[in-house]
Amino acid sequence: AVVEHTFNVGNLSISQLCRPEMNITAVNGQLPGPTIHAKEGDTVIVHLLNDSPYNMTIHWHGIFQRGSQWADGPVMVTQCPVRPAANYTYSFNVTGQEGTLWWHAHISFLRATVYGALVILPRGGAGAYPFSPKPDKEMVVMLGEWWNDNVHELQETAFLTGNPAPAADAYTINGKPGDLYNCSAPNHTRRFEVRRNETYLVRIINAALNTPLFFKVANHSFTVVGADACYTTPYRTDVVVVAPGQTVDALMATPDAPPVAGQRRYYMAASPYDSAIPGPGPPFSPTIATAVLEYVGGGDNTTTDIQMPDMPPFTDTNTAHRFLSNLTALVLPGKPTVPLGAMGTRMFVTIGMGQADCQPDQTMCDPTSTKFASSMNNASFVLPRGTLSMLEAHRSNATAGVYTRDFPDRPPLIFDYTADASDTAQLQYTTKSTKVRTLRFNETVEMVLQNTRLIAKESHPMHLHGFNFFVLAQGFGNYNETVAVPQFNFVNPQERNTLAVPTGGWAVIRFIADNPGMWYMHCHFDAHLDFGLGMVFEVLDGPTPETSVPPPPKDLPRCR
Ligand code: C2O
């Protein structure tokens with residue numbers, strides 16, 4: 001079937017917290033934007049009409065885009081921006097994927113308000129879920145961040161000055177901050193209705209720009225059944241942890257009677273996990289977003305109290321790591337399994353923030369500067385600024401001046417990555433450049449991702465476009481092959497599109513490069529992405545038209 005939507009991106013005037021009325025950029029006047037519901041195998045067509053004052057693109061986070069590479073969305077990687085008053089139609093299949101994904105703007109910091117859910121049911125509908133009990137109902141819970149400022153201007157300032165944008169003013173649940181903030185009004189809190197004795201599938205998405213979040217519901221617990229649109233072994237927990245870009249599908253059962261006698265209302269809450277050590281940095285705001293889960297349909301209601309869950313402290317790395325590392329895949333017949341045997345490409349890639357003076361006119365950056373640059377293997381990624389996106393340059397073989405193919409397989413300097421690098425002798429000049437790593441069609445790739453501590457230890461949520469990858473192992477400290485390899489999970493490793501590499505630690509992932517195109521891999525903290533924490537895989541065409549990048553659609557926007 002074909003699922004068709006029109007996304008009109010424009011101004012939405014909204015009053016939130018202590019700001020009476022402000023204009024934000026939103027789709028169809030909604031925050032979050034519309035949820036797309038599809039079934040596995042469907043074709044999704046979205047007509048983007050840009051009525052906003054900003055250049056726009058939309059990324060379909062987690063969708064493979066096989067054969068529809070021009071619909072992936074990251075600005076200047078797969079397309080030029082859709083200018084104000086211009087249109088573009090995104091068209092892609094959702095084949096071989098089920099679960100919760102989402103969509104968001106992939107330009108500037110505009111995804112702070114331009115985002116929504118993309119729910120893919122099994123072909124056979126909700127009755128065909130490979131877990132039980134089957135849910136009676138479903139709910140989408142999108143966690144986000146809110147600024148009392150224009151996020152486009154915040155991004156421009158951060159990019160030009162090299163100083164990070166301020167922390168969000170609030171966290172949000174489905175666009176609303178909830179009751180616990182100054183100036184909260186009744187219409188600043190979302191309400192979810194539940195009935196007794198039912199099972200809900202809660203689709204939790206972290207759309208925040210810069211913050212991993214803990215999520216709990218007072219007096220209720222979860223059974224996790226999916227993450228990043230991949231089914232997991234059922235996992236019981238009362239706290240869910242989601243890094244920016246990630247999704248979690250969890251069953252939540254309501255009991256025969258509300259958990260606290262006479263009480264109908266329970267808070268859902270989202271609070272930050274700040275992985276930075278030492279931390280938190282000055283702009284960090286440890287506040288809590290809430291929504292209300294309310295029992296309807298009879299029963300006593302003798303109190304107006306609302307139960308509040310106990311949230312983990314914002315420094316609680318143990319809770320975050322336990323959740324994130326304990327998930328395993330639900331092994332299903334016919335589903336891809338981890339590639340074994342000889343690796344076509346093996347890479348060891350450091351990821352982190354550094355201090356570097358990277359003015360736009362400089363190619364080399366001073367490591368002793370107080371300005372920020374982030375990098376992978378010391379290469380700080382910049383988007384090309386010419387007239388061709390990277391995918392256009394790739395397909396027309398006109399890469400000169402757009403990108404180079406020398407992204408390094410290893411960092412230039414081997415040192416103790418997780419030691420405090422206040423010793424600047426350990427720092428190197430960062431190259432600001434547009435480098436890609438070229439992969440042959442169908443080769444297997446293994447990457448060790450190593451967090452560094454050039455400023456602080458941190459857990460970077462690394463997202464790969466175009467693929468899911470298997471997470472073989474992860475841990476704290478420096479990667480050590482002798483210790484790590486025996487821990488590799490070849491049986492049921494979790495499959496994801498976004499992995500929170502443990503703070504000051506490492507993770508090993510594998511994927512098969514069976515999707516030709518230009519695929520961005522980057523930190524899903526927008527603050528870090530903007531300072532260069534990314535790179536692009538260039539996957540060459542396979543032998544047939546079906547395994548090659550197709551010609552661009554007629555309405556593909558042109559760069560001026
Ligand atoms: Cu959800 Cu490149 O991002």
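# Exercises on a predicted, strand-rich chain

Residues 24 or more positions apart account for 78% of the contacts in the protein chain with a separation of 6 or more; a contact means that two C-beta atoms, placed from the backbone, lie within 7 Å. The model is predicted: local features need pLDDT of at least 70, side-chain atom pairs count only at pLDDT 80 or more, and totals for chains, interfaces and linings use all residues. Numbering starts from 1 along each chain as its sequence is written.

## Exercise 1. The whole chain

Task: Describe the make-up and overall dimensions of the protein chain.

Solution.
- Start with the elements. The protein chain has five helices and 34 strands. Helices (H or I, at least four residues) and strands (E, at least two) are DSSP runs, numbered from the N terminus.
- Next, take the radius of gyration, computed over C-alpha atoms. It is 22 Å, close to the 24 Å of the globule rule for 560 residues, so the chain is as compact as a globular protein of that length. The rule is 2.2 Å times the number of residues to the power 0.38.
- The C-alpha trace spans about 70 × 55 × 55 Å along its principal axes.
- Now burial. Of the 560 residues, 52% count as buried. A residue is buried if 20 or more other C-beta atoms lie within 10 Å of its own, exposed if 12 or fewer, and partly exposed in between.

## Exercise 2. The core

Task: Which residues have the most contacts inside the largest nonpolar core?

Solution.
- Such a core is a set of buried Ala, Val, Leu, Ile, Met, Phe, Trp, Tyr and Cys residues joined through C-beta atoms within 7 Å.
- The largest one has 158 residues. Leu 143, Ile 204, Val 240, Leu 449 and Ile 509 have the most contacts inside it.
- Take Leu 449. Residues up to four places away in sequence are not counted. Leu 449 then touches Val 349, Ile 351, Met 462, Val 501, Trp 506, Ala 507 and Ile 509.

## Exercise 3. Two four-stranded sheets

Task: Give the strand order and the edge strands of each open sheet.

Solution.
- One sheet has the order β2-β1-β4-β6, with mixed pairing. Its edge strands are β2 (19-27) and β6 (87-93), each pairing on one side only. Two strands pair if DSSP finds at least two bridges between them.
- Neighbouring strands of this sheet are turned by 25 degrees against each other on average, direction ignored.
- Look at one pair. Seven bridges join β1 (residues 2-16) to β2, and the two run antiparallel. Ile 14 has Met 22 as its bridge partner in β2.
- Another open sheet runs β3-β8-β7-β5, again with mixed pairing. Here β3 (36-39) and β5 (58-61) are the edges, each pairing on one side only. The twist averages 20 degrees from one strand to the next.
- β3 pairs with β8 (residues 115-121) in the parallel sense over four bridges. Lys 39 is matched with Leu 121 in β8.

## Exercise 4. Strand β18

Task: Is strand β18 enclosed or open, and which strands does it pair with?

Solution.
- Nine of the ten residues of β18 (residues 263-272) are buried, so the strand is largely enclosed by the rest of the structure.
- β13 joins β18 through five bridges, running antiparallel. Phe 214 stands opposite Ser 271.
- β19 (residues 289-295) pairs with β18 in the antiparallel sense over six bridges. Tyr 266 has Leu 293 as its partner in β19.
- β20 (residues 303-307) runs parallel to β18, with three bridges between them. Arg 265 stands opposite Ile 306.

## Exercise 5. Two loop residues

Task: Are Asn 219 and Pro 502 buried or partly exposed?

Solution.
- Asn 219 lies in the loop between β13 (213-217) and β14 (222-227). It counts as partly exposed because it has 17 C-beta neighbours inside 10 Å.
- Beyond four places in sequence, Asn 219 contacts Pro 259, Val 260, Tyr 266 and Gln 307. Tyr 266 is also the β18 residue partnered with Leu 293.
- Pro 502 sits in the loop between β31 (498-500) and β32 (505-512). It counts as buried because it has 24 C-beta neighbours inside 10 Å.
- Leaving aside neighbours within four places in sequence, Pro 502 is in contact with His 321, Ser 459, Gln 474, Gly 475 and Phe 476.

Key:
Axes are lines fitted to C-alpha atoms, for helices over the stretch in contact, and angles run from 0 to 180 degrees between N-to-C directions.
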